[in-house]
Structure formats: structure tokens, C-alpha cells
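Ready for some practice in reading a protein structure? Work through each exercise with the structure open beside you, and try each task before you look at its solution.

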Amino acid sequence: MSRRILAALGSAALALSMAACSGDGAGSGNTSDEKPSDLTIGVSMPTQTSERWIADGNSVKEKLEAKGYKVDLQYAGDDIPTQSQQVDQMITRGANVLIIAAIDGTALSGQLQAAADAKIPVIAYDRLIRDSPNVDFYVSFDNYKVGVAQASALLVGLGLQTKDGGKGEATGPFNIELFAGSLDDNNAHFFFNGAMDTLKPFIDAGTLKVKSGQTKIEQVAILRWQQEAAQKRMEDLLTSSYNDNSKVDGVLSPYDGISRGIITALQNAGYRGADEIPVVTGQDAEIASVKLINDGIQSSTIFKDTRLLAEQAVVAGEAFLQEKTPEANDSETYNNGVKVVPSYLLPVETVFKDEIQKVLIDSGYFTAEEVASGQSRN
């Protein structure tokens with residue numbers, strides 16, 4: 001068992017207290033009287049190209065196995081047909097619950113219908129599955145607030161705002177550019193909307209200027225959140241909009257991998273030292289980006305403690321297996337186009353250089369050695 005899982009087990013009792021009230025759950029036949037060793041949970045994760053998803057999959061698997069359940073964990077390699085086939089196989093092999101982090105939130109309707117027909121509850125993990133009535137529960141973070149936090153971090157980095165939300169000493173105007181995640185990921189829209197609602201007053205006032213003019217999510221989205229695509233887009237922006245010796249002052253980035261692509265493009269264009277790199281935000285506290293923050297290159301990241309998210313997925317899964325209804329703390333926000341999906345949302349933390357020790361190292365998420373090297377041992 002990895003040290004991150006061990007660090008999270010201490011809060012398992014608290015998570016279990018949030019498990020569900022009695023009620024008529026979706027069920028998967030009568031499983032409430034069966035031993036955990038007789039039950040299988042299918043866990044479908046989108047990719048292993050991001051350290052975040054590897055950690056999520058391993059965390060969910062280890063927590064379930066620690067309780068005695070059998071786990072069928074599959075990674076889909078960011079390929080939609082592969083994920084569809086893997087979920088089909090989980091259903092065929094008799095999974096009792098499905099935990100799915102979808103690549104494309106609209107591509108699994110057939111699989112979800114098959115799960116419903118087999119009375120297999122479906123938990124959407126971090127990414128909401130859309131356009132289907134057969135999503136029973138959603139565990140995630142408050143994704144609109146993630147976007148607000150990213151935009152606020154950009155404002156803090158530029159000096160327009162203090163960390164406590166007060167007015168900063170800087171006056172601008174500042175040139176910024178905007179990036180968003182993959183359009184087929186429902187979270188990307190929440191992130192972008194939260195960020196733009198926060199930045200709009202500054203853009204309207206002329207304090208922030210998007211020099212490229214690209215402010216719509218369709219213009220700034222990065223398919224599959226790919227680092228290479230983000231680097232190419234940043235290179236194109238520098239060539240097309242900053243060929244007059246003007247400078248980029250800040251970049252709204254929704255994910256650390258995208259941030260690293262942006263930073264590579266900026267460095268290749270001559271933004272070399274820590275004092276020259278624009279303010280660049282991020283998300284997921286990936287170790288390579290945490291090192292960049294520690295080194296003064298990337299400005300910030302949004303930390304979403306996936307240990308707690310995995311815990312909550314396990315709590316919800318166990319509730320369904322016990323023929324109960326998982327406790328939701330949001331039953332209004334996440335409409336998937338067919339229904340409002342009951343959800344359990346977890347908080348997030350903004351990490352600047354000064355917060356690395358307290359938030360990431362003291363909590364056991366990373367060691368000081370990992371932060372210094374930019375490489376995780378897990």
C-alpha cells in the first residue's frame with residue numbers, strides 16, 4: 001500500500017460517517033447480505049499519461065481492496081472506443097458497481113443503459129457523464145470554484161488582488177491569454193466559466209487585455225488536455241499577437257500539463273528567468289509543476305486531494321452495495337442534460353510557493369525530496 005493511501009486512511013472513519021442514509025438505492029441485485037470478497041467493483045480511468053489519473057486509479061483500487069472487494073481497474077489510454085469496450089466487459093463480467101472517469105462525457109450512453117438494465121449503479125468520478133438518465137451519483141470537487149480559484153491566483157500573481165481577496169497594489173494594464181481544457185470534458189466548462197466570471201470585470205475595465213482577442217472556450221480549448229497542443233497554441237499566439245515586441249504578463253491555464261506546455265513555449269521564445277516568465281496558473285499539483293512553482297517558474301496550482309476523492313467514491317460505492325443511498329451535499333448544480341445528478345463535492349486549495357510545505361509536504365502528499373527533484377517515488 002502506498003504512503004499516500006496510508007496517509008488518507010486516517011480520515012476514512014470520517015468519510016464513512018458521510019456514507020449514506022437508508023433508502024432504496026439503485027442496487028445491483030441483492031448485494032447487502034453478500035461478503036465483500038464476493039463483490040466486484042469496476043473502475044474505469046481515462047488515461048495513464050497524467051500522474052493524477054494513475055494516482056486516482058491506484059487509490060480507489062487500494063481502498064476497495066483494503067475492505068475486501070475485488071476490483072477490476074482499467075485505463076483507456078485516452079481512447080473512447082477502448083473505454084467503451086472496457087466498460088462493456090466490466091458489465092459482462094458481472095461488476096456490482098461501476099466507478100467511471102469518462103474520457104468523453106457523452107460517449108457512454110449505451111454502456112450506461114446496459115448497466116441500468118443489469119441493475120448496476122454507476123458513479124461518475126470527477127468528470128460528469130452527460131446525456132444519460134443512468135448516472136446514479138457523482139463525486140468531484142466544486143469545479144466552478146476551481147475556475148474561480150485559478151482566476152484569483154492569476155490576479156494575485158499579477159498583483160491586482162491579495163490572497164485574502166483584497167485589492168492589490170498593481171494597476172495594470174496587463175496582457176493575458178486564456179486556455180481551457182478539452183471541450184468533451186464537462187469539467188472544462190465549469191473551470192472556464194468560474195474563471196471568466198472572475199476575470200470579466202477586470203477585462204471590461206481594461207485592466208486585463210486578452211491581446212489575441214480569443215476569449216471563447218471554443219477558441220482556447222485544448223483537446224484531451226494535451227501538453228504538446230498547449231505548447232503549439234502558445235507558440236502560435238506569440239507569433240501572431242506578440243510580434244510587436246509586446247509581452248505576455250499572465251496566462252490562465254486550467255491544468256499543470258497545459259501549464260508546462262505554455263511555459264516551454266514561452267521559454268523557447270526568450271522568456272527565460274523567473275523574473276521574465278509570465279504568471280501561469282495550473283491545476284492538479286503534479287510533481288513536475290510543483291517543482292516549477294518551488295523554483296519560481298510556474299506561479300500556482302490548484303490542489304485537489306485525490307486521496308479524499310477516492311475515499312468518497314468508495315463510500316458511495318459501499319452505500320449502493322448495502323442497498324442505501326449515498327449522501328449528497330449538492331443536489332442542484334450538476335445537470336447532465338437529462339437529470340440533476342446527486343453529487344458529493346470536495347473543497348480545493350490554491351498552492352503558491354509559500355503553501356507547498358503546509359499543503360503538500362506536511363500532509364504527506366509529497367516529500368521535500370520529491371518537490372526538490374520534481375519526481376514522485378510512486
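The exercises below use a predicted model.

**Exercise 1. Work out the order of the six-stranded sheet, and find its edges.**

Solution.
- Step 1: Follow the strands across the open sheet, and you read β3-β2-β4-β5-β6-β13.
- Step 2: Look at the directions: the pairing is parallel.
- Step 3: Find the ends of the order. β3 (70-75) and β13 (343-346) each have a single partner strand, so one side of each is left without a neighbour in the sheet.
- Step 4: Check the twist. Ignoring direction, neighbouring strands here are turned by 15° against each other on average.

**Exercise 2. Examine two strand pairs in this sheet, and find how the chain gets from β2 to β3.**

Solution.
- Step 1: Recall the background: strands of a sheet pair through backbone hydrogen bonds, either parallel or antiparallel.
- Step 2: Take β2 and β3, which pair in the parallel sense over six bridges. Here Thr-40 stands opposite Lys-70 in β3.
- Step 3: Trace the chain from β2 through α3 to β3; this β-α-β crossover is right-handed.
- Step 4: See where the helix sits. α3 (residues 51-66) lies across β2 (40-45), β3, β4 (97-100) and β5, and runs at about 170° to β3.
- Step 5: Move on to β5 (residues 122-125) and β6 (residues 137-141), a parallel pair with three bridges. In this pair, Ala-124 stands opposite Tyr-138 in β6.

**Exercise 3. Which residues touch the most other members of the largest nonpolar core, and which element gives the most to this core?**

Solution.
- Step 1: Start with a general idea: in soluble globular proteins, nonpolar side chains tend to be buried together.
- Step 2: The largest nonpolar core has 28 residues, and Val-43, Leu-64, Ile-99 and Tyr-125 touch the most other members.
- Step 3: Elements giving two or more residues to this core are β2, α3, β3, β4, β5, β6, α12 and β13. Among these, α12 gives the most, with seven residues.
- Step 4: Zoom in on Ile-99. Leaving aside neighbours within four places in sequence, the contacts of Ile-99 include Val-43, Leu-64, Tyr-125 and Ala-313.
- Step 5: Look for another cluster too. A second, separate core of 26 residues includes Trp-225, Ile-262, Ile-277 and Val-280.

**Exercise 4. Test the length of helix α12, and decide how far it is enclosed.**

Solution.
- Step 1: Helix α12 covers residues 306-321, which is 16 residues.
- Step 2: At 1.5 Å a residue, α12 should span 22 Å.
- Step 3: Compare this with the model: the end C-alpha atoms of α12 are 22 Å apart, which agrees.
- Step 4: Count the buried residues, using the cut-off of under 20% relative accessible area. In α12, 15 of the 16 residues are buried, so this helix is largely enclosed by the rest of the structure.
- Step 5: Look just beyond the helix. α12 is followed by Glu-323, whose phi is positive, near 60°.

**Exercise 5. Describe the four-stranded sheet, with β7 as your starting point.**

Solution.
- Step 1: The order of this open sheet is β8-β7-β9-β10, with parallel pairing. The edge strands are β8 and β10 (279-280), each pairing on one side only.
- Step 2: Look at one neighbour of β7. Three bridges link β7 and β8 (residues 208-210) in the parallel sense, and Lys-209 in β8 is the bridge partner of Asn-175.
- Step 3: Turn to β9 (residues 250-252), which is joined to β7 by three bridges and runs parallel to it. Glu-177 stands opposite Val-251 in β9.
- Step 4: Sort the side chains. In a regular strand the side chains alternate between the two faces of the sheet. In β7, Phe-174, Ile-176 and Leu-178 point one way, Asn-175 and Glu-177 point the other way, and all are buried.
- Step 5: Add the helices. β7, α7 (residues 186-204) and β8 make a right-handed β-α-β unit, while α6 (residues 143-158) lies across β7, β8, β9 and β10, at about 175° to β9.

**Exercise 6. Is Tyr-69 buried or exposed?**

Solution.
- Step 1: Locate Tyr-69 in the loop between α3 and β3.
- Step 2: Apply the cut-off: buried means under 20% relative accessible area. Tyr-69 has 7%, so it is buried.
- Step 3: See what surrounds it. Apart from neighbours within four places in sequence, Tyr-69 is in contact with Pro-36, Leu-39, Ile-41, Leu-64, Glu-318 and Leu-321.

Technical notes
Residues are numbered from 1 along each chain as its sequence is written. This is a predicted model: local features need pLDDT of at least 70, side-chain atom pairs count only at pLDDT 80 or more; totals for chains, interfaces and linings use all residues. Side-chain values use heavy atoms; hydrogens and water are left out. The expected span of a helix is 1.5 Å times one less than its number of residues. Buried means under 20% relative accessible area, exposed over 50%, partly exposed in between (1.4 Å probe, protein chains only). Two strands pair if DSSP finds at least two bridges between them. Axes are lines fitted to C-alpha atoms, for helices over the stretch in contact, and angles run from 0 to 180 degrees between N-to-C directions. Contact means heavy atoms within 4.5 Å. A nonpolar core is a set of buried Ala, Val, Leu, Ile, Met, Phe, Trp, Tyr and Cys residues joined through side-chain atoms within 4.5 Å. A crossover is right-handed if, with the strands pointing away from the viewer, the path from the first strand over the helix to the second runs clockwise.
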